[in-house]
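Biologist: Please take a close look at the aromatic ring pairs of this model and at the helices and strands around them. A single connected account, with the cut-offs stated, would be appreciated.

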Amino acid sequence: MAVTQFYQPEDDSAAAAIAAIGDELSLFDDWMDRYQFIIELGRKLPPYPAAWQDEAHKVQGCQSQVWLAADQEGDKFYFTGASDAAIVSGLVALVLRVYSGRERAEILGTSAKFLHDLGLIGALSSNRGNGVAAMVERIQALAKAG
């Protein structure tokens, strides 16, 4: 079992996580309610160790401070992350829900396109959207290298 600070998957696959996120977001009529939901997800993230809030774990390309750490157990990769911005923490939670606890092939086969498909990128400022995409790129690079 992965260390507790790493996000444990609640869905059977990345595709199931994406579908569940889409279903959850569709419950809200407007983006202000969706933002509040996303912020709440960020508040539920596992605690991120202060020692990992360093340059080695920092995701480049994000408007806010974002840190990401990975752990590999067998064929599966587990991730944890944090941000200094509430909405970005929620986006970190969504990305971790999709990618953490998955095998390399599934991580590499799941593009960041779901962020556009769910309307998350279009609803964000371009800098925040770029940052979320940078987070997915970093996860895929870590899986590829692992």
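Modeller: A residue is called buried under 20% relative accessible area, exposed over 50% and partly exposed in between, using a 1.4 Å probe and protein chains only. The model is predicted, so local features need pLDDT of at least 70 and side-chain atom pairs count only at pLDDT 80 or more, whereas totals for chains, interfaces and linings use all residues. Residues are numbered from 1 along each chain as its sequence is written, and side-chain values use heavy atoms, with hydrogens and water left out.

Rings of Phe, Tyr and Trp (its six-membered ring) pair if their centres lie within 6.5 Å; planes under 30 degrees apart are stacked, over 60 edge-to-face and the rest tilted. This rule yields 5 aromatic pairs. One of them joins W31 and Y35, tilted, at 5.7 Å centre to centre with 45° between the planes. Both residues belong to helix α2, 4 residues apart, about one turn of the helix; helices here are DSSP runs of H or I with at least four residues, strands are E runs of at least two, and numbering starts at the N terminus. W31 is partly exposed because its relative accessibility is 26%.

A further tilted pair consists of Y99 and F114, at 6.2 Å centre to centre and 55° between the planes. Since Y99 lies in helix α3 and F114 in helix α5 (residues 113-117), this pair ties together parts 15 residues apart in sequence. Y99 is buried at 0% relative accessibility, and F114 is buried at 5%. Ring pairs also link F6, Y48 and W52 into a cluster.

The two helices α2 (residues 31-43) and α3 (residues 86-99) have axes that come within 7 Å and cross at roughly 75°; axes are lines fitted to C-alpha atoms over the stretch in contact, and angles run from 0 to 180 degrees between N-to-C directions. Helix α2 is therefore roughly perpendicular to α3, a class covering 65 to 115 degrees. With contact meaning heavy atoms within 4.5 Å, Y35 is among the α2 residues that meet α3, where the partners include I87 and L91.

Beside these helices, 3 strands form an open antiparallel sheet in the order β1-β2-β3, where pairing requires at least two DSSP bridges between strands. Strands β1 (66-73) and β3 (102-103) are the edges. Strand β2 (residues 76-83) pairs with β3 over 2 bridges, one bridge joining K76 to E103 in β3. Helix α3 packs on this sheet, touching β1, β2 and β3, and its direction makes about 175° with that of β2.

Technical notes: Angles under 35 degrees count as roughly parallel, over 145 as roughly antiparallel, 65 to 115 as roughly perpendicular and the rest as oblique.
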